[in-house]
Amino acid sequence: MRLLNDPDVRRHMPLAGGEWQEGQARDWAASKDAQWDANGYGPWAIRIDGDFAGWGGFQEEGDEADLGLVLLPGFWGHGARIFGELVRRAREMKLSNVTIMLPPSRVRMKGLARLGFVPAGEVEYDGQRFVKFRLNG
């Protein structure tokens, strides 16, 4: 709940809606966990030095595996390393169509190219615009 209701995190999650309640957060986590059974991949809880830092991994979006990473602000400095590890795992799991969709509020996107991502246009979900990138090769 702390992650889903953090104002700095929510600034980059335009689909988050209003403040999350405990039951909603529990249902959300269960739906993320269920992706492992349905798709053979999904997100992981991320811990740094034993502390919950956020979540990251993959979720099915049509025929694509969308990579997501959401960290509490105190752990944002770890994002590039975690992101690189997620890309490594995507390749290890042989996920063939990996994408990222970022809201326009995310302005630092140059590092994606170093990890093998190329621009793939824009998409709209629930009236919100996202910039899309695809993992090349």
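Student: Which residue stands opposite Gln 59 in S3?

Tutor: In this predicted model, Gln 59 has Asp 66 of S3 across from it.

Student: How many bridges join S2 to S3, and which way do the two run?

Tutor: There are 8 bridges between S2 and S3, and the strands run antiparallel.

Student: And what about the turn of that hairpin?

Tutor: S2 and S3 have 2 residues between them, and Gly 62 in the turn has a positive phi of about 65°.

Student: OK, and S1 with S2, what's the pairing there?

Tutor: S1 and S2 are antiparallel too, over 6 bridges. One opposite pair is Ile 48 with Asp 51 in S2. Those strands also make a hairpin with 2 residues between them, where Asp 49 takes a positive phi near 50°.

Student: Zooming out, what's the strand order in the sheet?

Tutor: The sheet is open, has 6 strands and is ordered S1-S2-S3-S4-S6-S5, with mixed pairing. Its edge strands are S1 (43-48) and S5 (117-125), each of which pairs on one side only. On average, neighbouring strands are turned by 30° against each other, direction ignored.

Student: What does S5 pair with, then?

Tutor: S5 is joined by 7 bridges to S6 (residues 128-135), and the two run antiparallel. In that pairing, Glu 124 stands opposite Arg 129 in S6.

Student: Switching to helices. Which strands does H4 touch?

Tutor: H4 packs on the sheet and touches S1, S2, S3, S4, S5 and S6. The direction of H4 makes about 155° with that of S3.

Student: Which residues of H4 are buried?

Tutor: The buried ones are Gly 79, Ile 82, Phe 83, Leu 86, Val 87 and Ala 90.

Student: Why do they line one face of the helix?

Tutor: Look down the axis of H4: the buried residues fall within an arc of 145°, so they line one face. As background, an α-helix has 3.6 residues a turn, so residues three or four places apart point the same way.

Student: What sits on the face turned away from the buried side?

Tutor: That face of H4 carries the exposed residues Arg 81 and Glu 92.

Student: What span should H4 have, and what do its ends give?

Tutor: With 14 residues at 1.5 Å a residue, H4 should span 20 Å. The C-alpha atoms at its ends are 20 Å apart, so the two agree.

Student: What follows H4?

Tutor: Lys 94 comes after H4, with a positive phi near 60°. Further on, Asn 97 is in the loop between H4 (79-92) and strand S4 (98-102).

Student: Which residues is Asn 97 in contact with, leaving aside neighbours within four places in sequence?

Tutor: Asp 63, Glu 64, Ala 65 and Arg 134. The side chains of Asn 97 and Arg 134 are joined by a polar contact of 2.7 Å. A polar atom of the Asn 97 side chain also lies 3.4 Å from the backbone oxygen of Asp 63.

Student: You mentioned Glu 64. Is Glu 64 buried or exposed?

Tutor: Glu 64 has 9% relative accessibility; the cut-off for buried is under 20%, so Glu 64 counts as buried. Glu 64 lies in strand S3 (residues 64-71). Beyond its neighbours within four places in sequence, Glu 64 is in contact with Tyr 41, Gln 59, Asn 97, Thr 99, Lys 132 and Arg 134.

Student: And Leu 102, where is that?

Tutor: Leu 102 is in strand S4, and with a relative accessible area of 14% Leu 102 is buried. The C-alpha atoms of Leu 102 and Glu 122 are 9.3 Å apart, with the two residues 20 apart along the chain.

Student: Last topic, H3. Which strands does H3 lie across?

Tutor: H3 (residues 22-39) lies across S1 and S2 (51-61), at about 50° to S2. The buried residues of H3 are Ala 25, Lys 32 and Gln 35, and these pack against helix H1 (2-5), S1 and S2.

Student: What does the span check give for H3?

Tutor: H3 has 18 residues, which should span 26 Å at 1.5 Å a residue, and its end C-alpha atoms are 26 Å apart, so that agrees. After H3 comes Gly 40, whose phi is positive, near 80°.

Key: Residues numbered from 1 in each chain as written. Predicted model: local features only at pLDDT ≥ 70, side-chain atom pairs only at ≥ 80, totals over all residues. Heavy atoms only, no water. Helix = DSSP H or I, 4+ residues; strand = E, 2+ residues; numbered from the N terminus. Polar contact = N/O pair within 3.5 Å; in protein donor to acceptor, adjacent residues only side chain to side chain. Contact = heavy atoms within 4.5 Å. Buried < 20%, exposed > 50% of the residue type's maximum accessible area, 1.4 Å probe, protein only. Pairing = 2+ DSSP bridges. Axes fitted to C-alpha atoms, helices over the stretch in contact; angles between N-to-C directions. Expected span 1.5 Å × (residues − 1). Arc of directions from axis to C-beta.
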